[in-house]
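Opening the notebook on this one. I want to go through one chain's fold, then the contact between the chains, then a single residue.

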Amino acid sequence: MFTLLKQETYKLLKRPSFIVFWLFLIVFQLAMAIFEKVYPQTFQPENLFLNDFYAPVVIVFYIIAVGSTQLSSENQYGTLKALLYRQYSSSKVLVSKWLTLLGCALCLYSSSLVMTLLLKVIFFQNKFGLNLQVSTHQPIWQAMLMNTVSEFLTLLFLAAFVLLLATLFDNSTPAIIVGISAYFVVSVFNQLMFMLIDQHDWLKWNPVNMLNFGAQLNSPKLSSLTHLGINQIMIGYIAYGSIFLILGLVVFRRRNLR
Amino acid sequence: MLKVNNLDKWFGKKQVLHQISFEIKPGRVVGLIGANGAGKTTIMKTILGISSFTGDIRLNDQKITIDSHDALKDVGALIEYPGLYPYLTGREQLYLFTRGNDRRAKVDKVIEEMHLTTYADAKAKHYSLGMKQKLGIALALVNKPSLVILDEPMNGLDPKATRELRELILQKKAEGTSFLISSHILSELQKVADDVVIINHGHLVTSNTMSAVLARNESYLLLQTDQNNKVAQLLQQRGYQVAVEEDSVKVARDSIQDMTALLHAVLDQNIAIHDIHEQQDDLENSLLGIIE
């Protein structure tokens, strides 16, 4: 497995898109900080800091794109077969791709966190301190970290679904469209879903509600809307995520080893 | 080394392989031949654990199934066409899949052996078909496997590269590497293969040594004279098996008991012989003869 992970990481790092995206991410965060300086009425610096200068939104796009195209590009290059006729099982080949994607997401999140702290020091040193108390009665640095963890957990759940879709279709388009749509649908239609859950309690077990796990971890009051306790939503999150990934493994094996 | 026993393969309700059994011994080159759709690539895929089957495939007594690939550690392969990452150079692709401690040395060696030096550091997206094919074969060889499976390895190779590949296969064979090679270029296969497995419509027709398969061929004496039709008639009257072919008379070698008598029969009629040589049927004729 270690060899497979090394190989997948090597391929990812050699893809021109990875370095281009990483640079873009840094520039994007920098641009947000400069934008705030030029147009101070648009954003509050504390909000920018709490949201990692909106890096997680951009990272979601990239991870969904990479996750969706992981298999379709191997098919396109004709390399998938060669990956499978080595000493490794098909499950190991696929899991190594998923773990590499996870590693990639962790790297990008870490990079965005470092950049957030740097931008705070460079641009907003005199605006607020890291120990500033925010509405959740936490120091701002802690709230920012919790927010990042929440975003990361949402991304992981979404990615698990996208990875399942990627195994179902030779074309990456459905996975990209569904993944990105789901991200926005959840943001926009969460309120609508909460109203429906209020009317039909069983709807609280729908997988889209589990996307709120990260947010509920950050803000326990959300349980009144999701109708799930923190343990329940965690179990649902893990169960659905596992189902998506196990289904992905089964589909991948059936499609490629006939 | 590799033992394939009673291999059956179904695609839905259609059976495409029927009780295929053969063996590859260490240091032998086995040619897998048959018409298009005979099942050659399917056999290779089952050996490589990427196609389900019933039966038994063992490499060095270790079982291979679609769920058990451990034995494939010592196998290199190129199936159908070379899969390459367009954004990596040839050297990087080789480095990516090389195992062990001396990875760079292994990569350098195979680049030299396959004559890839001039374009090893160019990205694969700029490669021609032949360059890709050579890199695909290099990928199969880079980890010094004891068994190499090559599906149509001469595809896209120019005559020089074909000869270099043939020489490399023979060199690796001398070092103890076994090969399973399918190719439609039977003249090339005839030059390297020790054994032959012939498949027709998913059935094993024969699994034998190349010399045994070629021994089934007939050999002929070809006479070029100034009166071919007269010679043919004359020899036929004397009991020889004769046919006139383009500009020569073809006499079955088996029907010639005494060469002197045959030559006398022609020369005594004051017929001039311009050329005389012996011709042996090749693997292509053997294959067609066996299949038909």
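**Chain B, contacts in sequence.** I looked up how far apart the contacting residues of chain B sit along the sequence. Counting contacts between residues at least 6 apart, 66% join residues at least 24 apart. This is a predicted model, so I keep in mind that local features need pLDDT of at least 70.

**Chain B, make-up and spread.** I went on to secondary structure and found ten helices and 14 strands in chain B. Chain B is more spread out than a compact globule, because its radius of gyration is 24 Å, well over the 19 Å that the globule rule gives for 292 residues. I also took the box along the principal axes: the C-alpha atoms of chain B fill roughly 75 × 45 × 30 Å. For burial, I got 53% of the 292 residues of chain B.

**Interface, area.** Next I asked how many residues each chain gives to the contact. I noted 22 residues from chain A and 31 residues from chain B. Together the two chains bury about 2400 Å², and 60% of that is on carbon and sulfur atoms.

**Interface, polar side.** The rule finds three salt bridges across the interface of chain A and chain B. One of them I wrote down in full: Lys14(A) and Glu92(B) meet through their side chains, at 2.7 Å from N to O. For polar contacts across the interface, I have ten residue pairs, with both residues at pLDDT 80 or more.

**Interface, chain A elements.** Which elements of chain A give two or more residues to the side that touches chain B? I listed helix H1 (2-14), helix H4 (55-77), helix H5 (80-84) and helix H12 (230-256) of chain A. H1(A) gives the most, with five residues. I sorted that side of chain A by class as well and got eight nonpolar, five polar and nine charged residues.

**Thr79(A).** Last, I picked out one residue in the loop between H4 and H5 of chain A, Thr79(A). Is Thr79(A) buried or exposed? Its relative accessible area is 2%, so I put Thr79(A) down as buried. Leaving out residues up to four places away in sequence, I found that Thr79(A) touches Glu74(A) as well as Gly83(B), Leu84(B) and Tyr85(B). With Glu74(A) there is also a polar contact, 2.5 Å between the two side chains.

Definitions and conventions. Residues numbered from 1 in each chain as written. Chains lettered and ligands numbered in written order. Heavy atoms only, no water. Contact = heavy atoms within 4.5 Å. Buried area = accessible area lost by both parts, 1.4 Å probe. Salt bridge = Lys/Arg side-chain N within 4 Å of Asp/Glu carboxyl O. Polar contact = N/O pair within 3.5 Å; in protein donor to acceptor, adjacent residues only side chain to side chain. Helix = DSSP H or I, 4+ residues; strand = E, 2+ residues; numbered from the N terminus. Nonpolar A, V, L, I, M, F, W, Y, C, P; charged D, E, K, R; others polar. Rg over C-alpha atoms; globule rule 2.2 N^0.38 Å. Buried < 20%, exposed > 50% of the residue type's maximum accessible area, 1.4 Å probe, protein only.
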